[in-house]
Amino acid sequence: MTTMGEMLKWAISRLTSWDLSIALLGLFIFRCLHQRRSGKGPMLWPVLGILPTILSNRSGIHDWGTRALIKTGGTFPYRGMWMGGAHGIITIDPSIVEYMLKTNFNNFPKGSCYKERFRDLLGDGIFNSDGESWKQQRQLAKVEMHSSPLGVDPGCLALDLPDIPFAKAFEEATELSLLRFLMPPFVLKPLTFFGLGTERRLKEAIEVVHNFADKTVRDRRNILGKLGNINDHSDLLSRLMESDIKHFPGNFLRDFCVSFILAGRDTTSVALAWFFWLIQKNPDEESKILAEIHQILGHSQCNNDIRAFTEEGLKKMVYLQAALSESLRLYPSVPVEMKQVQEDDVFPDGTRVKKGARIFHIIYSMGRIESIWGKDCLEFKPERWIKDGKFVSASQFKFPVFNAGPRLCLGKKFAYTQMKMVAASVLLRYSIKVVEGQSVVPKLTTTLYMKNGLMVTFKPRLMNNA
Ligand code: HEM
């Protein structure tokens, strides 16, 4: 016999993210109706008016959002769900970004809202910490990452990653943690407490991720215990463990691993996917990149035996660096960032923000506005990054693709080296063709995955013709 409780539990466990989103939308409309009747707050009709637009733009929500932000002048306040208490501003204004990420950095931490939603997955890792804990982890990672003479291997955690169940679990865990932002606490808390619906799936995904990270730490610890050092591993985790194994409390190393996987794995692979797609759409740019690679390698070296490029050679690939930056401008691996206001504050444009407000800056949109990039902002033009034959980077605050200020991405240099190595190696050996008829659109999550992936064909090139 099935009890009412069991039936309810079963029904909730069948809920998908979309069901939840629709339920939340319903609550939002209900809240607007309620506010209208009581004569305060926003009217329902403007909200209803915008709904068909949002729904019809679901697949191109990033571009629709960009157009909306431009129309509002670049910064606008929002107020979230009933009882959720979310409020703040959404902005694409570089002066606000600079103020938050550098000028008044201490007043704009990641904040409790982010931490609560990501704590189950990230623990107290560098991505999910502020203040002293963040400072210490950053210092530690910085020392280890910059202590290698080559600067290519050491940023790598050298975790044996291509395990598909792990990759799927990791993607699902980040997506479902993000979904928590859409839920008001009175929906989220019971789901978490009883382990129902999306929260049940999140728990399962996190378990896979944590088991993987725990095993990695355990394996390294065993080697360290047996040999006294980890000679064969020049990766960051081994270096950390060798530096002071007793120093790290509780789940520190596991959280460290998970944060670094989040930081460095999909960001780079996603960036490369968009890069190859853009190159395919711009064959002239592909020819220029190839010409540069051939010129750097020289005729004699262009054969199948070339397995890796030297660090010197990679540094000389200015056009490739420009093309990767251009690709990241249009398709930033992290499309949106959020900060939470510590104390009431006023932005350089006069906008006032209250303690607890959440400020979103939309990196995706910032890469596509005329006021920063000019009339050709939607075109793929690597030349805009080159002056007198040299690569010239843009201001961190106009191009916060790697974040900016004291929390600038620690792996930026490493990521460029890695992306250049992969892109040059692949382009040199293969002509890539994107399979016709696919819909290539970004997914709505923390990392700018391609929603439907990217199908391509590889045709080997004749290597010795420069
Ligand atoms: C294309 C590749 C990459 C992009 C676009 C990128 C972008 C970013 C962004 C936007 C942040 C700020 C995130 C936040 O605070 O919420 C960040 C932080 C960070 N990134 Fe990267 N990243 C890339 C590759 C890497 C790689 C390869 C590594 C390590 C090997 C790495 C290590 C880190 C670390 C440790 C942080 C945290 C810094 C801190 O909070 O102090 N990143 N990155």
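Here's a quick tour of the ligand's surroundings, the nonpolar cores and a few loop residues. Keep in mind that you're looking at a predicted model. The ligand has 23 residues around it, and the largest nonpolar core has 51 residues. Cysteine 409 is worth a look too, since it comes up both around the ligand and in a UniProt entry.

**Around the ligand**

- Out of the 23 residues surrounding the ligand, the ones that come nearest are Ala263, Gly264, Thr267, Cys409 and Gly411.
- Four helices each chip in at least two residues of this shell: helix 7 (131–145), helix 12 (252–264), helix 13 (266–281) and helix 19 (412–429).
- Sort the shell by residue type and you get 13 nonpolar, seven polar and three charged residues.

**Cysteine 409**

- UniProt lists Cys409 under "binding site", though the entry is unreviewed.
- You'll find cysteine 409 in the loop between strand 8 and helix 19.
- Is cysteine 409 buried, exposed or partly exposed? It counts as partly exposed, because it has 18 C-beta neighbours inside 10 Å, and being buried would take 20 or more.
- Leaving aside residues up to four places away in sequence, cysteine 409 touches Phe402 and Asn403.

**The nonpolar cores**

- In the largest core, with its 51 residues, Met100, Leu320, Leu324, Ile359 and Ile362 have the most contacts inside it.
- Plenty of elements each supply at least two residues of this core, including strand 2 (87–91), helix 5 (94–103), helix 14 (283–297), helix 16 (318–330) and strand 6 (358–362).
- Helix 13 and helix 19 each supply at least two residues of this core as well, just as they do for the shell around the ligand.
- Another core lies apart from that one; it has 34 residues, among them Leu122, Ala169, Leu179 and Cys257.
- Back in the largest core, who does leucine 324 touch? Not counting residues up to four places away in sequence, leucine 324 touches Phe275, Tyr416, Met419, Lys420 and Ala423.

**Two residues with a positive phi**

- Most residues other than glycine have a negative phi.
- Aspartate 388 isn't a glycine, yet its phi is positive, at about 50 degrees.
- Aspartate 388 sits in the loop between strand 7 (386–387) and strand 8 (390–391), and it's exposed, with 5 other C-beta atoms within 10 Å.
- Asparagine 403 also isn't a glycine, and its phi is positive, near 65 degrees.
- Asparagine 403 lies in the loop between strand 8 and helix 19, and it counts as partly exposed, with 17 C-beta neighbours inside 10 Å.

Methods: Residues are numbered from 1 along each chain as its sequence is written. This is a predicted model: local features need pLDDT of at least 70, side-chain atom pairs count only at pLDDT 80 or more; totals for chains, interfaces and linings use all residues. A residue is near a molecule or strand if its C-beta atom, placed from the backbone, lies within 6 Å of it. Ala, Val, Leu, Ile, Met, Phe, Trp, Tyr, Cys and Pro count as nonpolar, Asp, Glu, Lys and Arg as charged, and the others, Gly among them, as polar. A nonpolar core is a set of buried Ala, Val, Leu, Ile, Met, Phe, Trp, Tyr and Cys residues joined through C-beta atoms within 7 Å. A residue is buried if 20 or more other C-beta atoms lie within 10 Å of its own, exposed if 12 or fewer, and partly exposed in between; C-beta atoms are placed from the backbone. Two residues are in contact if their C-beta atoms, placed from the backbone, lie within 7 Å. UniProt positions are given in the numbering used here, feature names are shortened, and annotations may be inferred rather than shown by experiment.
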